Amino acid sequence: MSDHSLLSQAVIEGKGDQTAELATAMLNSGTKPQDIISQILQPSMNTVGEKFSSGEFFLPDMLLAARAMNNALAILKPLLDSSGMPTLGKVVIGTVKGDIHDIGKNIVATFVRGVGFEVIDLGEDITDEKFIEAVKENNADILGLCAMLTTTMPSIGSVIKALETAGIRSKVKVIVGGAPVTKDYAVHIGADAYAHDGGEAARVCKELLTAKEAG
Ligand code: B12
C-alpha cells in the first residue's frame, strides 16, 4: 500500500501514533505539507463523516479520527507558519456558538498566518458578543466565521447582524466557511466572501485586504 493510502487509513481508523509517523515520512520524502492536508487528511475526515452518517461509525470513532488528524497537524502546522514576514493585517477567526468543531478552522488560521496575516484565533463555540468585542479590541481587518453544522450555520448571519447593530460592519470584511457553508449561502447572509479550504481562504483574505484598502 502507498504512504498516501496508509496515512488515510490511519486517520480514518484513529491511529494517532501511526498518523504522526506516516505524515513525517511523507514530509521526509518531499511531499508538501499543504498537499498532505488537502489531498489526504481532509478527504479522510470526509470519509469519517460519511461513515458516521451511514451508521458504521459512532461519536467515539469521530473523536479518535479527530485526535489522529490533530497529531498530523501538530507536525505540519509549524512548516506552514510564516516567520519574520511583515504583517499584512489582522484577522479574527472563530467557530460560531453551539459548534465545537475546530480542526478546519485551525487549518484556515494556519494558512492565513502562513501568508503573513496576524491571526487572533478565538477558538470554538464563540458568542456573537465575543466576536464583536474581539473585532473592536483588535481593530480587525477581516473576520473569519466557521460553522460545521446545519443547525449552527444561521449563527453566522447573526454575527453579521450584530456587527451592523454595533455600527462596525463597514470596518471589517467578513469571510465565511465550514463544510455545510456555500458561496450562495455566504452571499445570502451578507458576508463579503466564502472560501472552500485553507489555501483559498489565504488567497481571498489578501484580496479582501486590497479591496478594503482601496475603500
Ligand atoms: C471530526 C468531527 C467531529 C469532532 C470534532 C472535533 C474537533 N475538535 O473539531 C466531534 C467528534 C467532536 C464532532 C461532534 C459532532 N459532530 Co461532527 N464531524 C466531524 C467530521 C468527521 C470531520 C470535521 C473535520 O474536522 N473535517 C476536516 C477539516 C479539515 O475540514 P473542514 O472542517 O470542512 O474545514 C475545511 C473547510 O470547511 C474550510 N473551513 C473550515 N472552517 C472555515 C472557516 C473559514 C472562515 C473559512 C473561509 C473556511 C473554513 O477550510 C477547512 C480547511 O481546508 C465531520 C464530517 C465532515 N465531512 O465534515 C462531522 C460532522 C460535521 N459532524 C456532524 C455531527 C452531526 C456532529 C454532532 C452533532 C454529533 C453528535 N450526535 O453529537 C456533534 C456536534 C458537536 C457540536 N456541538 O459541535 C455532522 C454534521 C451534519 C450536519 N449537516 O449538520 C458531520 C457532517 C458528520 C456527518 N456526515 O453526519 N464531530
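Two strands pair if DSSP finds at least two bridges between them. In this predicted model, S1 and S2 are joined by four bridges and run parallel. Within that pair, Lys90 stands opposite Glu118 in S2. Helix H5 completes the motif: S1, H5 and S2 make a right-handed β-α-β unit.

The pair belongs to a wider sheet. Five strands form an open sheet, and their order is S2-S1-S3-S4-S5. The pairing is parallel. In general, strands of a sheet pair through backbone hydrogen bonds, in either the parallel or the antiparallel sense. The edges of the sheet are strand S2 (118–121) and strand S5 (193–194), each of which pairs on one side only. Edge strand S2 has two distinct faces. Val119 and Asp121 make up its covered face. Glu118 and Ile120 make up the uncovered one. Lys90 of the neighbouring pair thus has its partner, Glu118, on the uncovered face of S2.

Strand S3 (142–146) has a pairing partner on each side. Strand S1 (residues 90–95) pairs with S3 in the parallel sense over five bridges. S3 and S4 also pair in the parallel sense, over five bridges. Gly144 takes part in both pairings. Ile93 stands opposite Gly144, and the bridge partner of Gly144 in S4 is Ile175. From S3 the chain crosses through helix H7 (residues 154–165) to S4. This β-α-β crossover is right-handed.

The burial of S3 follows from neighbour counts. A residue is buried if 20 or more other C-beta atoms lie within 10 Å of its own. Five of the five residues of S3 are buried, so the strand is largely enclosed by the rest of the structure. Ile142, Gly144 and Cys146 point one way from S3. Leu143 and Leu145 point the other way.

At the domain level, the assignment for the protein chain gives domain 1 (3–80) and domain 2 (90–213). Their C-alpha centres lie 25 Å apart. Nine residues from domain 1 and nine residues from domain 2 take part in the contact. On the domain 1 side, helix H3 (33–53) and helix H4 (59–80) are the elements that give two or more residues. H4 provides the largest share of that side, six residues. By residue class, the same side of domain 1 divides into five nonpolar, three polar and one charged.

The ligand lies between the domains, because domain 1 and domain 2 both give residues to the shell around it. In total, 39 residues surround the ligand. The closest are Gly49, Gly104, Gly144, Gly177 and Asp197. Gly144 therefore belongs both to this closest group and to buried strand S3. Elements that give two or more residues to the shell are H3, H4, helix H5 (103–114), S3, strand S4 (173–177) and helix H9 (198–213). H3 gives the most, with seven residues. The shell divides into 22 nonpolar, 13 polar and four charged residues.

Two helical residues illustrate contrasting settings. Thr110 lies in helix H5, the helix of the right-handed unit with S1 and S2. Thr110 has 24 other C-beta atoms within 10 Å, so it is buried. Leaving aside neighbours within four places in sequence, Thr110 is in contact with Lys77, Leu80, Asp81 and Gly198. Thr110 and Phe58 are 52 residues apart in sequence, and their C-alpha atoms are 29 Å apart in space.

Arg67 is found in helix H4. Arg67 has 14 other C-beta atoms within 10 Å, so it is partly exposed. Its contacts, leaving aside neighbours within four places in sequence, are with Gly14 and Gly16. Arg67 and Lys15 are 52 residues apart in sequence, with their C-alpha atoms 8.5 Å apart in space.

Technical notes: Residues numbered from 1 in each chain as written. Predicted model: local features only at pLDDT ≥ 70, side-chain atom pairs only at ≥ 80, totals over all residues. Domains from an automatic or database assignment. Contact = placed C-beta atoms within 7 Å. Nonpolar A, V, L, I, M, F, W, Y, C, P; charged D, E, K, R; others polar. Near = placed C-beta within 6 Å. Buried ≥ 20, exposed ≤ 12 C-beta atoms within 10 Å, placed from the backbone. Right-handed = clockwise from strand over helix to strand, strands pointing away.
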